[in-house]
Amino acid sequence: MKKKYLKRLIGGLALVASLQTAIAENDTPDESEEKEFSKPEHMFPLAEELSGSKIEQFRDEYLKKRGWGVGFNADNPGGAYIGWGTADIHLGSGDLKFGQARIMAFQKALMDAVGGFAKDSKRTTMTKTASRIFQDDSDFNSEKFEAQDDQSRLDKIVDKTLKLTDAKLDSELMELGVDPEEFKSKPPVQRQKMLEDSISREIVVQSIKSTSGIRPLASWEDTGQVGVLVVSSDKMRKIAQGMASGRMVASLKSPPKQNVKQQIAKMTPNGAKDYIDIHGVRIMTDENGNRAVVGFGQWSPAITRNDSKLRRKISTKAARDIARNNADGFISDF
């Protein structure tokens, strides 16, 4: 299947050097999690290991081999979250635009996985919010509370918050960006709505923030479907947030001897053939111990050998530009 569209596929590689990559100040880098997720087997897996008609079976075998699990799992390195998303390829492998269809399917599968993480993160954030406001309230530490839907959980938090003492309530309102005096001037029904909106907005904001640092871990595909595993952790989130703010971080203790381009070349001895299953970003470390985010983008020009030389040249150049934009986009998303 791969040989049919390999010649039509154009891979793009965008590299951001991490001289300004950072985690929180005074935070000593924990290399164990990064080393695990940065192993060559996760960075550039062999194509034969990532293809087949039963992508969920390949996913399960991949996770079982490592003792990892989907979701927030204590067995995952660093307690990282591992998510899963799928999408169908809506064109047959013989179609001229099949290469484009598989790339778009990957992007849809990635968004599916990220969306699942945001949903799970929202529930986790809601539980943390309740725990922060009601530290010793057993109602928010029970399996019954965890089993409720989001709206029921939110209603319970709002109801309990309204029963706080005036001083505690004022403190929480200010924490949520609500003016206590304005809140008290409203009738009960409006106060409840104002509080619900403020808590709901805070939960959504925190859930969206949590998606920074999430990246593809591995992907599987056949001629009809693409599946993507993503990984997210507090460590990678701090790295991403540090990059965005331009804060510096101490170099890692044992940096590789080769620069990033040399490392990639070593991991991909077959060149373009090794890139065909690689999408999204990878976190690497340069020779100085600084982190780097490498973005891999792809696109496929819908051309054949029967097209004119000029058309092939223009279409190939356009595909390279789209591939590079896709790679840049993955880095921005990270």
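A salt bridge is a side-chain nitrogen of Lys or Arg lying within 4 Å of a carboxyl oxygen of Asp or Glu, and in this predicted model one such pair joins Glu221 to Arg102, with 2.8 Å between the closest N and O atoms. The two partners come from distant parts of the chain, since Glu221 belongs to strand β4 (residues 215-221) and Arg102 to helix α5 (residues 98-133), and 119 residues separate them. Both ends of this pair are buried: Glu221 has a relative accessibility of 2%, and Arg102 has a relative accessible area of 1%.

The structure holds 6 salt bridges, and two further examples can be set beside the one between Glu221 and Arg102. Asp234 pairs with Arg237, the closest N and O atoms being 2.5 Å apart. These two residues are 3 residues apart in helix α11 (residues 234-245), which means that about one helical turn separates them. An α-helix has 3.6 residues a turn, so residues three or four places apart point the same way. Asp234 is exposed, with a relative accessible area of 54%, whereas Arg237, at 15% relative accessibility, counts as buried. In the other example, Asp60 forms a salt bridge with Arg59, and here the closest N and O atoms are 2.9 Å apart. Asp60 is partly exposed, at a relative accessible area of 39%, while Arg59 counts as buried at 13% relative accessibility.

From the charged pairs we can turn to the nonpolar interior. The largest nonpolar core has 23 residues, and the members that touch the most other members are Leu110, Val226 and Val228. Two or more residues of this core are given by each of β3 (81-88), α5, β5 (225-232), β6 (280-285) and α14 (309-333), and the largest share, 9 residues, comes from α5. For Leu110, once residues up to four places away in sequence are set aside, the contacts are Pro216, Val228, Val230 and Phe330. A second core, separate from this one, has 16 residues, among them Ile157, Val178, Ile199 and Ile203.

Helix α5, which holds Arg102 of the salt bridge with Glu221, also contains Ala105. Ala105 is buried, with a relative accessible area of 1%. Apart from its neighbours within four places in sequence, Ala105 is in contact with Ala87, Asp88, Ile89 and Val226, and Val226 is one of the residues that touch the most other members of the largest nonpolar core. The C-alpha atoms of Ala105 and Thr86 are separated by 8.0 Å, although the two residues lie 19 residues apart along the chain.

A comparable view can be taken from Val158, which lies in helix α7 (residues 150-162) and counts as buried at 1% relative accessibility. Not counting residues up to four places away in sequence, Val158 touches Gln192, Leu195, Glu196 and Ile199, and Ile199 is included in the second, separate core. Val158 and Leu195 are 37 residues apart in sequence, yet their C-alpha atoms are 6.6 Å apart in space.

Helix α12 (residues 260-267) shows how burial can be distributed around a single helix. The buried residues of this helix are Val260, Gln263 and Ile264. They cover an arc of only 100 degrees around the axis, and therefore lie on the same side of α12. The face turned away from this buried side carries the exposed residues Lys261 and Lys266. At the start of α12, a side-chain oxygen of Asn259 comes to within 3.2 Å of the backbone nitrogen of Lys261.

How far these details can be read depends on where in the chain they lie, and the confidence values give some guidance. The protein chain averages a pLDDT of 76, and 77% of the residues score at least 70. Among the elements of the chain, β3 has the highest mean pLDDT, at 92, and helix α1 (residues 2-6) the lowest, at 42. Over residues 1-11 the pLDDT is below 50, and this stretch has 41 contacts in the model beyond near neighbours in sequence. Over residues 13-29 the pLDDT likewise stays under 50, and there the model has 64 contacts beyond four places in sequence.

Notes:
Residues are numbered from 1 along each chain as its sequence is written. This is a predicted model: local features need pLDDT of at least 70, side-chain atom pairs count only at pLDDT 80 or more; totals for chains, interfaces and linings use all residues. Side-chain values use heavy atoms; hydrogens and water are left out. Buried means under 20% relative accessible area, exposed over 50%, partly exposed in between (1.4 Å probe, protein chains only). Helices (H or I, at least four residues) and strands (E, at least two) are DSSP runs, numbered from the N terminus. The arc is that of the directions from the helix axis to the C-beta atoms. A polar contact is a pair of N or O atoms within 3.5 Å; within protein, one must be able to donate a hydrogen and the other to accept it, and residues adjacent in sequence count only if both atoms are side-chain atoms. A nonpolar core is a set of buried Ala, Val, Leu, Ile, Met, Phe, Trp, Tyr and Cys residues joined through side-chain atoms within 4.5 Å. Contact means heavy atoms within 4.5 Å. pLDDT is the predictor's confidence in each residue, from 0 to 100.
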